[in-house]
Amino acid sequence: GAGPVQMKDDAERRSVQDLMMTHYRELLAAYRVISAVGASEETGFGVTQTEASAAMTQAGLVDEMTRISDIDRCFIAAKVLPVDMKRQQLLAGSDKVLSRYQFLELLLRIAEQRVVRTGRSKSISETLKHILEALQPVGKTKIEELDAFLDAF
């Protein structure tokens with residue numbers, strides 16, 4: 001469905017929030033790397049559908065549980081803006097790419113899809129943790145470069 005992933009369980013929502021806050025630096029680095037790869041004059045800066053699929057494939061997240069078509073569906077759903085945000089015109093950018101918060105929404109949707117489809121995991125937070133660990137190498141180099149730059153001062 002359209003709109004943000006809804007979690008009815010408060011403990012689960014807090015667990016997901018804590019996980020994202022704990023790993024925010026790595027998430028931001030992965031977002032920047034994936035965004036830069038697909039950046040063009042036409043799309044601007046953001047994660048394209050092609051690059052999202054490629055990154056998830058590279059991270060080993062395209063498998064018997066999650067197909068490319070699932071990633072594409074999650075991507076499209078993550079791009080849908082809630083009505084109140086559309087009304088306020090809060091999005092200034094391309095409708096072809098995911099902004100940072102939409103990228104986080106994509107990851108949540110993939111986690112939700114993996115939980116609902118397979119039933120192997122009981123929680124979105126547990127599955128999201130696996131996804132974040134799988135994506136860690138994508139942003140790791142960027143973080144190391146930034147740390148080296150900051151350590152030089």
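## A term to start with

A polar contact is a pair of N or O atoms within 3.5 Å. Keep that in mind for Asp70 and Arg73, whose side chains are joined by a polar contact of 2.3 Å. Everything here comes from a predicted model, and helix 4 is where we'll spend much of our time.

## The chain as a whole

What is the protein chain built from? It has seven helices and two strands. Read from the N terminus on, the elements run α-α-β-α-α-α-β-α-α.

The chain has 153 residues, and 41% of them count as buried. Take the contacts between residues at least 6 apart in sequence: 66% of these join residues at least 24 apart.

## Getting to know helix 4

Helix 4 covers residues 68-79. How does its span compare with what 1.5 Å a residue would give? The twelve residues should span 16 Å, and the end C-alpha atoms are 17 Å apart, so the two agree.

Which residues of helix 4 are buried? They are Asp70, Ile71, Cys74, Phe75, Ala77 and Ala78. A bit of helix background helps when reading that list: an α-helix has 3.6 residues a turn, so residues three or four places apart point the same way. As for what covers these buried residues, the cover includes strand 1 (47-48), helix 3 (49-58), strand 2 (97-98) and helix 6 (100-118).

## Helix 4 against helix 6

Two packed helices are described by the angle between their axes and the distance between the axes. For helix 4 and helix 6, the angle is about 135° and the axes are 9 Å apart. That angle makes helix 4 oblique to helix 6, because it lies outside the ranges for roughly parallel (under 35 degrees), roughly perpendicular (65 to 115) and roughly antiparallel (over 145). The crossing is right-handed.

Who meets whom here? On the helix 4 side you'll find Asp70, Ile71, Arg73, Cys74, Phe75, Ala77, Ala78 and Lys79. Across from them, helix 6 brings Gln102, Glu105, Leu106, Arg109, Ile110, Gln113 and Arg117.

## Helix 4 against helix 3

Helix 3 also packs with helix 4: their axes come within 10 Å and cross at roughly 130°. That makes helix 3 oblique to helix 4, and this crossing is right-handed.

From helix 3, the residues taking part are Gln49, Ala52, Ser53, Met56 and Thr57. They meet Ile68, Ile71, Asp72, Phe75 and Ile76 in helix 4. Ile71 and Phe75 are worth a second look, since they are named among the helix 4 residues that meet helix 6 and among those that meet helix 3.

## Two buried residues on helix 4

Is Asp70 buried or exposed? Asp70 has a relative accessible area of 1%, and the cut-off for buried is under 20%, so Asp70 is buried. Besides the contact with Arg73, a polar atom of the Asp70 side chain lies 2.8 Å from the backbone nitrogen of Arg67. If you skip residues up to four places away in sequence, Asp70 touches Met65, Gln113 and Arg117.

Cys74 sits in helix 4 as well. At 8% relative accessibility, Cys74 counts as buried. Leaving aside neighbours within four places in sequence, Cys74 is in contact with Leu106, Arg109, Ile110 and Gln113. Cys74 and Glu112 are 38 residues apart in sequence, and their C-alpha atoms are 9.6 Å apart in space.

## Thr66, in the loop before helix 4

Where is Thr66 found? It is in the loop between helix 3 and helix 4. With 1% relative accessibility, Thr66 counts as buried.

Thr66 and Gln113 are 47 residues apart along the chain, yet 7.7 Å separates their C-alpha atoms. Their side chains make a polar contact of 2.9 Å. Not counting residues up to four places away in sequence, Thr66 touches Leu61, Ile71, Gln113 and Arg114. Notice that Gln113 turns up among the contacts of Asp70, Cys74 and Thr66.

## One more stop: Ser35

Away from helix 4, have a look at Ser35 in helix 2, residues 24-38. Ser35 counts as buried, at 0% relative accessibility.

What does the side chain of Ser35 reach? At 2.7 Å there is the backbone oxygen of Tyr31. Setting aside neighbours within four places in sequence, Ser35 is in contact with Phe45, Gly46 and Val47.

Note on methods. Residues numbered from 1 in each chain as written. Predicted model: local features only at pLDDT ≥ 70, side-chain atom pairs only at ≥ 80, totals over all residues. Heavy atoms only, no water. Buried < 20%, exposed > 50% of the residue type's maximum accessible area, 1.4 Å probe, protein only. Polar contact = N/O pair within 3.5 Å; in protein donor to acceptor, adjacent residues only side chain to side chain. Contact = heavy atoms within 4.5 Å. Expected span 1.5 Å × (residues − 1). Axes fitted to C-alpha atoms, helices over the stretch in contact; angles between N-to-C directions. Left-handed = near helix turned anticlockwise from the far one by under 90°.
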